Amino acid sequence: TVIGHSLKLLHEYRGYNCVGINHLGDWGTQFGKMICAYKKWGVKEQVEKDGVEEMNRLYVRFHEEAEKDPALEDEGRAWFKKIEEGDPEALEIFHWFKDVTLKDAMKVYDTLGITFDSYAGESFYVDKTDRVVNELKEKKLLEESEGALIVNLEDEKMPPCLIIKRDGTTIYATRDIAAALYRKENYDFDKCLY
């Protein structure tokens with residue numbers, strides 16, 4: 001965050017018209033795990049009072065309990081799938097977690113004097129991932145591997161890029177590609193610092 005903001009200030013000083021984007025990591029299996037932990041051991045008032053600190057405590061407890069009961073990992077993944085499928089209860093808790101997290105993050109940003117023009121995190125791009133999948137299919141770059149969909153990057157001497165997990169959910173890379181496409185179309189940048 002500090003490096004990105006500094007680069008933005010340096011470029012503004014040099015005359016660039018800059019757009020500061022805070023790409024919040026606000027999507028993924030960790031939110032399913034958080035919901036699972038909250039539903040099992042959480043108290044709303046405690047989360048409201050202690051914010052991210054309490055959410056972190058619940059997340060750590062989830063992983064401690066999952067070591068004893070690995071089935072808990074499946075419950076966490078199931079809650080994330082519910083988020084992706086638009087389940088009202090899962091989405092309500094997810095949005096509340098996001099609000100609590102951003103509220104805590106804003107305290108740090110304010111203290112550091114850091115501002116952003118956009119807080120469009122991963123969740124903003126979820127409904128834009130179909131385009132990524134469709135374009136990869138059209139270009140015949142998508143392959144099935146062990147029930148998942150990947151882009152094979154063997155020719156580039158890189159590991160495959162997972163696009164859709166075998167349970168049908170997206171991953172960071174899918175949303176990241178969607179974000180890159182969206183930003184190019186909407187900001188038509190000459191230079192993108194990533």
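The legends below describe three close-up views of this predicted model.

**View 1. A nonpolar patch on the surface that includes Leu7.**
Four residues, Ile3, Leu7, Leu10 and Leu193, make up this nonpolar surface patch, and together they have about 400 Å² of accessible area. Leu7 belongs to helix α1, which covers residues 2-13. Because its relative accessibility is 33%, Leu7 counts as partly exposed, a class that lies between buried, under 20%, and exposed, over 50%.

**View 2. The largest pocket, with a volume of about 900 Å³.**
The lining of the largest pocket is made of 27 residues, and those that lie nearest the centre of the pocket are Val19, Gly20, Ile21, Leu193 and Tyr194. Leu193 is also one of the residues of the nonpolar patch in the first view. Helices α1 and α8 (172-187) each supply at least two residues of this lining, and α1 gives the most, with 5 residues. Sorted by class, the lining holds 12 nonpolar, 9 polar and 6 charged residues.

**View 3. The second largest pocket, which holds about 370 Å³ of space.**
Here 17 residues line the pocket, and Gly25, Phe31, Phe97, Lys98 and Thr101 are the closest to its centre. At least two lining residues come from each of the helices α2 (29-41), α4 (52-68) and α6 (88-112), while α6 gives the most to the lining of this second largest pocket, with 6 residues. By class, the lining of the second largest pocket consists of 10 nonpolar, 4 polar and 3 charged residues.

Note on methods. Residues numbered from 1 in each chain as written. Predicted model: local features only at pLDDT ≥ 70, side-chain atom pairs only at ≥ 80, totals over all residues. Heavy atoms only, no water. Patch = residues over 30% accessible without salt bridge, like charges linked within 9 Å, V, L, I, M, F, W, Y side chains within 5 Å. Areas by Shrake-Rupley, 256 points an atom, 1.4 Å probe, with all protein chains shown as cover. Salt bridge = Lys/Arg side-chain N within 4 Å of Asp/Glu carboxyl O. Helix = DSSP H or I, 4+ residues; strand = E, 2+ residues; numbered from the N terminus. Buried < 20%, exposed > 50% of the residue type's maximum accessible area, 1.4 Å probe, protein only. 1 Å grid on protein atoms, 1.4 Å probe; cavity = no way out; pocket = protein on both sides within 12 Å on 5 of 7 lines; lining within 4 Å. Points joined across faces, edges and corners; volume = space filled by probe spheres on them. Nonpolar A, V, L, I, M, F, W, Y, C, P; charged D, E, K, R; others polar.
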